[in-house]
Amino acid sequence: MSAPLVEMRGIRKVFPGVVANDNVNLTVRAGEIHALLGENGAGKSTLMSILTGLYRPDAGEIYIEGRKVNFRSPRDAIEAGIGMVHQHFRLVSPFTVTENVALGLKGGLRLNLNRLAVEIAEVSRKYGLQVDPQARIWQLSVGEQQRVEIIKLLYRKARVLILDEPTAVLTPQEARDLYSTLKKMAAEGCAVIFITHKLQEVMEAADSITILRGGKTVATVKKEETDEKELARMMVGRDVIWQGEKPKRSPGDTVLQIKGLRALNDKGLPALKGIELSVASGEILGIAGVAGNGQRELVEVIAGLRPCLEGTVTVGGENLGQCDPCRVIQCGVGFVPEDRLGMGLVPNLGAVDNLLLKEYRDPRWGRVLMDRRAARRWAYELVERFQVKMAGLDAPVKLMSGGNLQRLLLAREISGHPRLLLAVYPSRGLDVGATETVHRLLLEQRAAGTAILLISEDLEELFRLADRIAVMYEGEIMGVVPTEEADLEDIGLMMAGAKKMEVSA
Amino acid sequence: MTWIGWEKRLQPSPWMAVVVPVLSVVLALGLGAIFLAATGFDPWKVYLSMLKGATGSKYGISETVVKAIPLMIASLGVSVAFRMLLWNIGAEGQFYMGAFGATWVALTFPHWPAYVMLPAMFIVGCVLGGLWAVVAAIPRARWGVNEVITTLMLNYVAILWVDYLVYGPWKDPQGYNFPLTAPFTEAATLATIPGTRVHLGLLFALTAAVLLTLILWRTRWGYEIRVIGESVKAARYAGMNIERNIILVMFLSGALAGLAGMSEVSGVTHRLQHGISPGYGYTAIIIAWLAKLHPATVILVSFLFAGLIVGGYSVQTMGVPAATVSMLQGAILFFVLGGEILTRYRLHFGRKEVAR
């Protein structure tokens with residue numbers, strides 16, 4: 001057999017205090033789809049950053065088609081035919097598809113955009129990646145934007161394509177389309193590496209799988225020779241025990257009531273088209289749906305961060321339609337936002353200042369001058385109670401790990417004893433341990449009688465936590481079903497907008 | 001094969017945060033030395049006599065303090081706005097408006113006793129400086145108009161307005177046609193330390209620094225300023241009123257620059273005149289940046305820059321051009337901004353041996 005297209009041997013990369021990669025090996029052959037499986041923090045991203053020239057390894061060698069290479073910058077990697085589609089797309093949204101492909105192309109000052117557009121159309125036809133070369137990025141759906149990213153790489157004649165959690169933003173149906181594109185590319189002699197932690201996706205799309213855990217290679221296996229259970233064990237390092245049934249509860253009084261809610265998105269287009277929802281005390285209402293179908297706008301309206309055009313939002317009978325976040329907070333609404341570090345927490349401030357974010361108005365800190373020592377003591381207690389690990393109470397929180405950040409955020413939001421808790425993608429990007437903590441805290445809040453609105457793209461999480469599941473598609477609620485009666489296939493169809501149920505909110 | 005490369009630091013180096021400003025000053029002096037040597041001066045001698053001029057005599061020290069006062073007050077104002085990422089480049093104009101306001105009080109009510117006159121000048125100076133900044137703050141808060149441009153443009157308006165007054169209606173009839181107003185009455189001048197020109201403005205500056213420190217780290221308002229400066233999104237999420245804070249902070253920033261103007265006319269010149277500020281408002285920006293926006297550090301760095309100015313005057317007798325000091329100031333800022341990259345990136349030389 002000829003030399004593998006990509007071979008990484010004995011890769012080691014150390015960051016201060018962390019060994020991100022330790023003697024990692026990865027071999028990918030032309031024509032194969034290779035899954036890189038591992039929990040968050042397993043070292044997948046670091047390894048791919050090394051392969052794309054973003055980081056330099058402390059030790060180890062990289063061979064492309066048997067030749068040793070030494071990437072000094074991402075440019076070297078691109079020239080060697082390695083391209084990556086990042087989880088957050090690197091696209092310029094006011095530019096057209098063609099202009100985005102043109103960005104960073106080599107060549108003189110002259111640029112023939114018309115010829116480029118024709119060439120792009122050719123590439124997209126060949127691989128079944130439908131997209132209009134003249135469209136502007138902001139007009140495209142997330143799935144189409146992903147196609148643009150792939151076209152960018154194919155146009156640059158990339159032979160190794162790396163995709164970072166490519167299906168996180170897609171419906172199950174769109175994901176299937178993506179898999180078939182990937183298969184076409186593999187058939188053309190490319191190698192496809194995709195990073196994931198979803199087992200089912202691996203079994204569906206990959207030819208072989210390399211599992212990383214704690215910065216080390218656990219194994220490389222062929223798909224035919226393994227199953228989901230074995231992969232899970234290798235990924236987590238122990239048998240995964242799916243949490244049992246959550247305790248039954250009869251929901252109490254309605255806390256959140258939304259009627260006929262309409263609102264616009266940032267571009268001024270309708271994002272919410274008449275939402276009807278209610279959440280009762282001690283109930284978790286899960287909202288399923290592909291990201292970008294109005295979930296963000298929905299929670300922002302409830303949190304008072306986005307004006308509502310029509311309709312009402314009431315919490316415990318009080319009307320909260322005036323876009324006043326301060327009043328919403330006083331009404332007892334806790335909010336765990338999607339953007340933890342940036343909206344939920346202030347990256348450069350310490351834990352004390354971050355815990356004070358919702359509490360600083362409280363007169364108990366003193367009338368004019370705030371009693372910093374009392375605030376510190378209070379912060380220390382919270383940090384202990386929620387077992388947040390950190391370098392120190394004053395160290396910038398951006399240095400903390402994802403799991404600890406979320407713990408800190410939940411500590412603040414829960415300590416305010418909310419009547420309603422909005423949790424948006426609360427376990428996104430967290431490892432299994434941290435996810436378990438988040439789930440436990442949410443269930444504890446449910447037991448304490450808090451009404452919880454949980455937005456998630458992880459159906460497994462919704463099935464585990466929610467009492468009822470609502471599906472959002474293009475700003476509408478496609479249906480609300482009690483979790484016991486929910487059917488995965490139905491929910492998938494509703495997520496894709498193919499099915500609508502009578503809503504009885 | 002050797003090469004030089006950059007590597008991003010995982011977190012800004014706290015060590016570099018101290019080294020960079022100090023090194024910037026040294027490099028700027030080095031650059032100045034090359035320039036001086038090229039124009040036929042002995043840089044060592046020039047720097048030594050600058051140092052002597054600024055700190056070598058009671059007179060020199062007193063002059064350095066006198067120059068430091070407006071720099072400190074204006075720079076405290078600039079730094080509080082910068083902390084909220086409001087790029088108030090208009091301290092110069094706000095300084096002029098403060099000086100204008102104080103002068104208006106002094107010239108319009110010459111019979112007022114000091115205990116009425118000085119507080120009135122203080123308040124009017126602050127309010128006018130503050131309002132001048134608010135002129136730029138309102139469009140910024142409402143429609144996101146870039147305050148860099150508006151505050152900068154308003155400088156020219158303020159300076160020309162004062163010029164109009166001192167060349168026209170307010171010109172001192174006994175002033176031999178110089179562009180200056182009539183001198184203030186005794187009641188309108190700030191007390192000085194006997195035997196020096198150091199005036200009460202020093203107390204304003206130090207008090208302002210203490211108050212600002214307390215406001216920023218011990219009050220709810222200061223907490224809001226710090227949060228908004230770091231993340232507007234988080235501030236909105238926490239229910240803070242961003243628009244109101246933009247206007248309030250710009251007012252405070254402008255009011256401090258205005259106070260610097262008031263203390264300059266009332267404490268040093270005792271009249272309003274053309275070119276009352278030789279660019280204090282701009283130097284204040286450099287100081288604020290060099291001091292990392294920290295009130296206590298602003299005080300220290302202001303003395304350094306005041307020393308530079310006074311030292312610059314003293315070497316003019318050697319034939320060294322007056323512009324040398326401006327050049328040194330510019331070079332310091334240049335190196336500080338350039339050096340910022342060192343706090344975020346690590347420079348490494350040569351190729352690391354790949355070990356197995």
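Where does Lys157(A) lie in chain A? In this predicted model, Lys157(A) sits in the loop between α5 (142-155) and β7 (160-164) of chain A. Its phi is near 65°, a positive value in a residue other than glycine. Most residues other than glycine have a negative phi. Lys157(A) counts as exposed because 11 other C-beta atoms lie within 10 Å, and a residue with 12 or fewer is classed as exposed.

A second residue in chain A has a positive phi. Glu165(A) is not a glycine, and its phi is about 40°. Glu165(A) is placed in the loop between β7 and α6 (172-187) of chain A. Is Glu165(A) buried, partly exposed or exposed? Glu165(A) is partly exposed, because its C-beta count within 10 Å is 18.

The domain assignment divides chain A into domain 1 (6-236), domain 2 (253-332 + 417-505) and domain 3 (347-416). Domain 2 is thus written as two stretches of sequence, 253-332 and 417-505. The C-alpha centres of domain 1 and domain 2 of chain A are 33 Å apart. Their contact draws twelve residues from domain 1 of chain A and twelve residues from domain 2 of chain A. On the side of domain 1 of chain A that touches domain 2 of chain A, seven residues are nonpolar, four are polar and one is charged.

The interior comes next. The largest nonpolar core contains 255 residues. The residues with the most contacts inside this core are Leu422(A), Leu454(A), Ile73(B) and Ala74(B). In soluble globular proteins, nonpolar side chains tend to be buried together. Which residues does Leu454(A) touch, leaving aside its neighbours within four places in sequence? Leu454(A) is in contact with Ile284(A), Leu285(A), Gly286(A) and Ile287(A). Leu454(A) also contacts Ala423(A), Leu442(A), Leu465(A) and Ala466(A).

Helix α16 of chain A covers residues 488-495. Its buried residues are Ile491(A), Leu493(A), Met494(A) and Met495(A). An α-helix has 3.6 residues a turn, so residues three or four places apart point the same way. The buried residues of α16(A) pack against two strands late in the chain A numbering, β19 (468-473) and β20 (476-482), and against β13 (284-288) and α15 (459-465) of chain A. Gly497(A) follows α16(A) and has a positive phi, near 80°.

Met501(A) is found in the segment after α16 of chain A. Met501(A) counts as partly exposed because it has 13 C-beta neighbours inside 10 Å. Leaving aside its neighbours within four places in sequence, Met501(A) is in contact with Met478(A) and Gly479(A). Met501(A) and Val480(A) are 21 residues apart in sequence, and their C-alpha atoms are 7.8 Å apart in space.

Chain A and chain B also touch each other. How many residues does each chain give to the contact? Chain B gives 20 residues and chain A gives 28 residues. On the chain B side, α7 (201-218), α8 (220-230) and α9 (232-237) each supply at least two residues. The largest share of that side, five residues, comes from α8(B). By class, the side of chain B that touches chain A has nine nonpolar, four polar and seven charged residues.

Val210(B) is found in helix α7 of chain B. Val210(B) counts as partly exposed because 13 C-beta neighbours lie inside 10 Å. Val210(B) and Ala296(B) are 86 residues apart in sequence. In space, the C-alpha atoms of Val210(B) and Ala296(B) are 7.9 Å apart.

Two other helices of chain B pack against each other. Helix α5 (residues 114-143) and helix α10 (residues 242-269) of chain B meet at an angle of about 145°. Their axes are 6 Å apart. The crossing of α5(B) and α10(B) is right-handed. Their contact has 21 nonpolar, eight polar and two charged residues.

Finally, Gly338(B) is placed in helix α13 (residues 323-344) of chain B. Gly338(B) counts as exposed because 12 other C-beta atoms lie within 10 Å. Gly338(B) and Ser24(B) are 314 residues apart in sequence, and 8.7 Å apart in space, C-alpha to C-alpha.

How values were computed:
Residues numbered from 1 in each chain as written. Chains lettered and ligands numbered in written order. Predicted model: local features only at pLDDT ≥ 70, side-chain atom pairs only at ≥ 80, totals over all residues. Contact = placed C-beta atoms within 7 Å. Helix = DSSP H or I, 4+ residues; strand = E, 2+ residues; numbered from the N terminus. Nonpolar A, V, L, I, M, F, W, Y, C, P; charged D, E, K, R; others polar. Core = buried A, V, L, I, M, F, W, Y, C linked by C-beta atoms within 7 Å. Buried ≥ 20, exposed ≤ 12 C-beta atoms within 10 Å, placed from the backbone. Axes fitted to C-alpha atoms, helices over the stretch in contact; angles between N-to-C directions. Left-handed = near helix turned anticlockwise from the far one by under 90°. Domains from an automatic or database assignment.
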